[in-house]
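Biologist: I'm new to reading structures. Could you walk me through a few features?

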Amino acid sequence: MGLITENVRTLLREIPKDVKIVAAAKSRTLDEVREAIDAGIEIVGENYLQDSKGIIEELKDSASWHFIGHVQKNKVKHIVPLFDMIETVDSAELASIIDDIAARHSKRVSVLIEVNSGLELQKAGAVPEDVPALASFISGLSNLKLKGLMTMGPFLEDIEGLRPCFCATKKIFDELRNASIAGIEMEYLSMGMSDSYKIAIEEGANIIRIGTLIFGSRQPKA
Ligand SMILES: *Cc1c(COP(=O)(O)O)cnc(C)c1O
C-alpha cells in the first residue's frame, strides 16, 4: 500500500464523520492526486490554475474541486468552469467578476468568504467587520451561492495561537447563520491545515484542508 493511501486512511479513521477533508494538492503530480482520490478523498483543493488544469481535466468526475489559492481577477474566466467551489472570495469586486463569468457559463458557483482572522499578521481575506456586508452583497448575486467561511490564520510558531483566530471566525459564521439571510446557506466552515486541524475541529471547522499529512513534505521545485 502506498504512503498516500495509508495517510488518507489514517486521517479518515481519525476525524469525525461530519468533517470533510480537502486534499490540498499544490505542486503534487497527477499520480499523487489520483492515489489520494482512490484512497477515499472526495474533495481536492488547488491553489494555482496552471498546475491544476491538466489534473482536473484528467480526474474531473472522480472528485469535487475547490479553488483555495489567491484568485487573480484575470484568471477567473479559467477558474470558474473548472472548479466546484471557490473558497477564497474576499471582496465585492471579486464576487462580481465571478458572478459575471459564471453567468456566461450558466453555472451557479459555490463560494466561501475568506476571512482575515489574523488581522495584521495576515494579508489575505476580508477583515471580520466587513464580512456581514460582503455576505449580503453575495446573497444578491444570482450566479453565486454563498456556502460559508474559510480562514487561514497567520503563520505562527505556536499553533495554539491560531485558536483565537478560528474561534473568532466561528463566531462570525454563527452570527451569519442565525441571521438567516435569504439566498445564503451557512453550511461550511473551512479552517485548519496539517499542523492545526485538530484545533480547528475543536473550534468548529467542518472542512479541513490537508496537504503535508496526506502527500508528505513538499519538495522544493528543481
Ligand atoms: C497548502 C495549503 C493547505 C495545506 O497545508 P499543509 O500544511 O500542507 O497541510 C491548506 N490551505 C491552503 C490555502 C493551502 O495553500
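**Pockets and packed helices**

Modeller: Sure! Keep in mind that this is a predicted model. Let's begin with the second largest pocket, whose lining is made up of Leu12, Ile15, Pro16, Lys17, Val19, Lys20, Ile21, Gly40, Ile41, Glu42 and Ile43.

Biologist: How many nonpolar, polar and charged residues are in that lining?

Modeller: The lining of the second largest pocket has seven nonpolar residues, one polar and three charged. The space in this pocket comes to about 200 Å³.

Biologist: And what volume does the largest pocket have?

Modeller: About 710 Å³ for the largest pocket. It has 32 lining residues, and Lys26, Met152, Phe155, Met193 and Arg209 are the closest to its centre. Sorted by class, its lining holds 15 nonpolar, 10 polar and seven charged residues.

Biologist: Now helices. How do I read a packed pair?

Modeller: Two packed helices are described by the angle between their axes and by the distance between those axes. Here, take helix 5, residues 92-104, and helix 6, residues 131-139: they pack at an angle of about 15°, and their axes are 10 Å apart.

Biologist: What does that angle tell me about how helix 5 and helix 6 run?

Modeller: Angles under 35 degrees count as roughly parallel, so helix 5 and helix 6 are roughly parallel to each other. Helix 5 also passes helix 6 in a right-handed crossing.

Biologist: Which residues of helix 5 and helix 6 make the contact?

Modeller: On helix 5, look for Ala92, Ala95 and Ser96; on helix 6, they are Leu134, Phe137 and Ile138. By class, this contact of helix 5 with helix 6 has five nonpolar residues, one polar and no charged ones.

Technical notes
Residues numbered from 1 in each chain as written. Predicted model: local features only at pLDDT ≥ 70, side-chain atom pairs only at ≥ 80, totals over all residues. Heavy atoms only, no water. Axes fitted to C-alpha atoms, helices over the stretch in contact; angles between N-to-C directions. Helix = DSSP H or I, 4+ residues; strand = E, 2+ residues; numbered from the N terminus. Parallel < 35°, antiparallel > 145°, perpendicular 65-115°, else oblique. Left-handed = near helix turned anticlockwise from the far one by under 90°. Contact = heavy atoms within 4.5 Å. Nonpolar A, V, L, I, M, F, W, Y, C, P; charged D, E, K, R; others polar. 1 Å grid on protein atoms, 1.4 Å probe; cavity = no way out; pocket = protein on both sides within 12 Å on 5 of 7 lines; lining within 4 Å. Points joined across faces, edges and corners; volume = space filled by probe spheres on them.
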